[in-house]
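Student: I have a new model open and would like to learn how to read it. Could you walk me through it?

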Amino acid sequence: MSLWVKGVADPETVDKDWMISTGAPVGPFMMLDDVGLRTTWNIVSGLYATQHKELFKQIADKLKEKIDAGQEGLESGEGFYKYPHPAFEDPDFLKK
């Protein structure tokens with residue numbers, strides 16, 4: 001998430017790189033959509049409250065923007081991907 005927050009890479013690029021380099025069937029942002037951004041926000045906000053690391057606040061703030069926009073993940077139909085047919089379902093997802 002730090003790569004996303006710092007503007008180094010978008011979620012799709014992070015997921016593709018993760019999947020290619022680890023052989024995992026899904027990437028971290030795909031998992032976050034499945035878990036739900038509200039749950040993720042609660043976890044990251046809790047980390048900030050206990051550890052006071054600025055990165056956790058930045059991540060929590062950016063997640064909150066998505067949540068406030070109704071993009072809560074798979075359950076709401078949009079998070080880092082749009083559902084019911086997210087980009088990662090494309091057979092050529094890792095080739096693009």
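## Reading the fold

Tutor: Happy to! Keep in mind that this is a predicted model. Let's begin with the secondary structure.

Student: How many helices and strands does the protein chain have?

Tutor: The protein chain has 5 helices and 0 strands, so its radius of gyration is a good next check: at 14 Å it is close to the 12 Å that the globule rule gives for 96 residues, and the chain is therefore as compact as a globular protein of that length.

Student: What does the C-alpha trace span along its principal axes?

Tutor: About 40 × 30 × 20 Å. As for contacts, take those between residues at least 6 apart in sequence: 52% of them join residues at least 24 apart.

Student: Now the interior. What share of the residues counts as buried?

Tutor: Of the 96 residues, 33% do. As a general idea, nonpolar side chains in soluble globular proteins tend to be buried together. Here, the largest nonpolar core holds 19 residues, and Trp4, Phe29, Val44, Leu63, Phe80 and Tyr81 have the most contacts inside it. Helices 1 to 5 each supply at least two residues of this core, with the largest share, 5 residues, coming from helix 5.

Student: Which residues does Phe29 touch, leaving aside those up to four places away in sequence?

Tutor: Phe29 touches Met1, Trp4, Pro11, Val14, Asp15, Phe80 and Tyr81.

Student: And the surface: what do carbon and sulfur atoms supply?

Tutor: They supply 56% of the roughly exposed area, which is about 5,900 Å². On charge, there are 11 positive and 16 negative side chains, and the centres of the two sets lie 5 Å apart.

Methods:
Residues are numbered from 1 along each chain as its sequence is written. This is a predicted model: local features need pLDDT of at least 70, side-chain atom pairs count only at pLDDT 80 or more; totals for chains, interfaces and linings use all residues. Side-chain values use heavy atoms; hydrogens and water are left out. Helices (H or I, at least four residues) and strands (E, at least two) are DSSP runs, numbered from the N terminus. The radius of gyration is taken over C-alpha atoms; the globule rule is 2.2 Å times the number of residues to the power 0.38. Buried means under 20% relative accessible area, exposed over 50%, partly exposed in between (1.4 Å probe, protein chains only). Contact means heavy atoms within 4.5 Å. Accessible areas come from the Shrake-Rupley method with a 1.4 Å probe; for residues, only the protein chains shown count as cover. Lys and Arg count as positive and Asp and Glu as negative; His and the chain ends are not counted. The place of a charge is taken as NZ of Lys, CZ of Arg, CG of Asp or CD of Glu. A nonpolar core is a set of buried Ala, Val, Leu, Ile, Met, Phe, Trp, Tyr and Cys residues joined through side-chain atoms within 4.5 Å.
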